[in-house]
Amino acid sequence: MNKKIQVIQSSIPEMDEYINEIKDIWDSKWLTNNGIKHQKLELELSKYLNADNVILFNNGHMALYTVLKALDLKGEVITTPFTFASTTHAIVQNGLTPVFCDINEEDYTIDVDKIEKLITDKTCAIIPVHVYGFPCNVKKITEIAKKHNLKVIYDSAHAFGVKINDEHISNYGDASMFSFHATKVFNTIEGGAIACNDNKIVEKLNLLKNFGITDPESVVDIGMNCKMNEFSAAMGLCNLRHINGEILKRKKIVEKYIENLKDISGIKLPNYKNDITYNYAYMPVVFDESVLGVNRDDIFDELANNNIFARKYFFPLIQDFECYRNQYSSDDTPFAKKIANRILTLPLYADLDIKDVDNICNIIKNKINNK
Ligand SMILES: *Cc1c(COP(=O)(O)O)cnc(C)c1O
């Protein structure tokens, strides 16, 4: 195929809709610092996510960094290595020590049966990741956290709009971080948020995201600058109007992938459960070479030869990054290591053509059949 297909394509509104949304910025000349669009988006998002408070940030990473700072944590934090660099970086940047827990075989989220063994008298929090938008075992995590008096902050970067038994994912733990990066299901170009039901933390987040300033002559905390600007908030207001339709389109594409690939033994597809409302953020597929005779890299290369760019997401594991490998070993989390070596996220975005999904699947099938 000559057409280039990337793993994602950002959702954006019609140009006229965005222009209409930003017009009044030319009247107000109010570009950032809790502007009208910012206020409106926080309100709309708290309605959409059914959260008491949604606090906007300039990106998801700074949201996570700041909420850890606001909670004033010290010591060790249990998390997983099967995630984006941001999760671990935010922990380390707060002077905390990440302790890596393995993931489970079912949905690649933290293995809740392995958490307690990692708890020491220094453990202060758990930062699980709703990876690919698949919810962690929030019930078990809540139990463990209560028993050991630990904070729980979810990396929900992938999980915008996901619900468990009709309950929004943002209502679990002490706080949830969402990323609104251009590549995510819901975007504000760059952006992020914390959803949180504790007013004390909310107050602290609002302070820390604007230098710790309370009024022009009073600075009460050593804060950062991680405010969302009005143009990003305006993009968010537009994209939020279309989010349900975009997720529905993603669902159709995922169903097409499953229809095409479900009967191939050696290919593991996500197992969607009835009590979860998914957002279809990613299409992760695990390739077992011992059954297929070809491995993940062979499939990746074959797709690339056809101008289709899947992603080895997440590979390598965090412990294998140059900045962490002196202190950690990915051998300590064997299942995460196995999955990282076998997984590929296939192209998935709302406007991906269903015919292209068939083509992608045929290329994969042909590679397996002609090995
Ligand atoms: C995207 C992402 C982040 C960081 O979000 P940004 O908005 O890009 O800063 C954090 N964690 C995970 C798992 C992500 O995918």
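**Exercise 1. Which polar side-chain atom lies 2.7 Å from an oxygen atom of the ligand?** Work on the predicted model above, then add the other polar contacts and see how much of the ligand is covered.

*Solution.*
- Start with the side chains. Ser-179 has a polar side-chain atom 2.7 Å from a ligand oxygen.
- Move to His-158. An N or O atom in the His-158 side chain is 2.8 Å from an oxygen atom of the ligand.
- Now check the backbone. At His-61, a backbone N or O atom sits 2.8 Å from an oxygen atom of the ligand.
- Finish with the area. On its own the ligand has 380 Å² of accessible area, and the protein covers 93% of that.

**Exercise 2. Describe the shell around the ligand: how many residues surround the ligand, and which are the closest?**

*Solution.*
- Count first: 16 residues surround the ligand, and the closest are Gly-60, Asp-155, His-158, Ser-179 and Lys-184.
- Sort them by class. You get four nonpolar, 10 polar and two charged residues in the shell.
- Find the pocket: the ligand sits in the largest one.
- Then trace the elements. Those giving two or more residues to the shell are α3, α4 and β8.

**Exercise 3. Work out what the largest pocket is made of, starting from its volume.**

*Solution.*
- The largest pocket has a volume of about 380 Å³.
- It is lined by 24 residues, and the closest to its centre are Phe-84, His-181, Thr-183, Lys-184 and Tyr-313.
- Look for secondary structure in the lining: α3 (60-70), α4 (85-93) and β8 (175-179) each supply at least two residues.
- By class, the lining splits into nine nonpolar, 11 polar and four charged residues.

**Exercise 4. Do the same for the second largest pocket.**

*Solution.*
- Its volume comes to about 290 Å³.
- There are 17 lining residues; Pro-135, Cys-136, Asn-137, Val-138 and Lys-273 are the closest to the centre.
- The class tally for this lining is seven nonpolar, three polar and seven charged.

**Exercise 5. How many cavities of 30 Å³ or more does a search of the whole structure find?** Say what lines each.

*Solution.*
- The search turns up two.
- The largest cavity holds about 90 Å³ of space. Residues lining the largest cavity include Glu-106, Tyr-108, Phe-134, Pro-135 and Lys-273. Its lining divides into five nonpolar, one polar and four charged residues.
- The second largest cavity has a volume of about 30 Å³. It is lined by Gln-9, Ser-10, Ser-11, Glu-246, Tyr-349, Ala-350 and Asp-351, which gives two nonpolar, three polar and two charged residues.

Key
Residues are numbered from 1 along each chain as its sequence is written. This is a predicted model: local features need pLDDT of at least 70, side-chain atom pairs count only at pLDDT 80 or more; totals for chains, interfaces and linings use all residues. Side-chain values use heavy atoms; hydrogens and water are left out. On a 1 Å grid over the protein atoms alone, a cavity is a set of points where a 1.4 Å probe fits but cannot get out, and a pocket is an open set with protein on both sides within 12 Å along at least five of seven lines; lining residues have an atom within 4 Å of a point. Grid points are joined across faces, edges and corners, and a volume is the space filled by probe spheres set on the points. Helices (H or I, at least four residues) and strands (E, at least two) are DSSP runs, numbered from the N terminus. Ala, Val, Leu, Ile, Met, Phe, Trp, Tyr, Cys and Pro count as nonpolar, Asp, Glu, Lys and Arg as charged, and the others, Gly among them, as polar. A residue is near a molecule or strand if one of its heavy atoms lies within 4 Å of it. A polar contact is a pair of N or O atoms within 3.5 Å; within protein, one must be able to donate a hydrogen and the other to accept it, and residues adjacent in sequence count only if both atoms are side-chain atoms. Accessible areas come from the Shrake-Rupley method with a 1.4 Å probe; for residues, only the protein chains shown count as cover.
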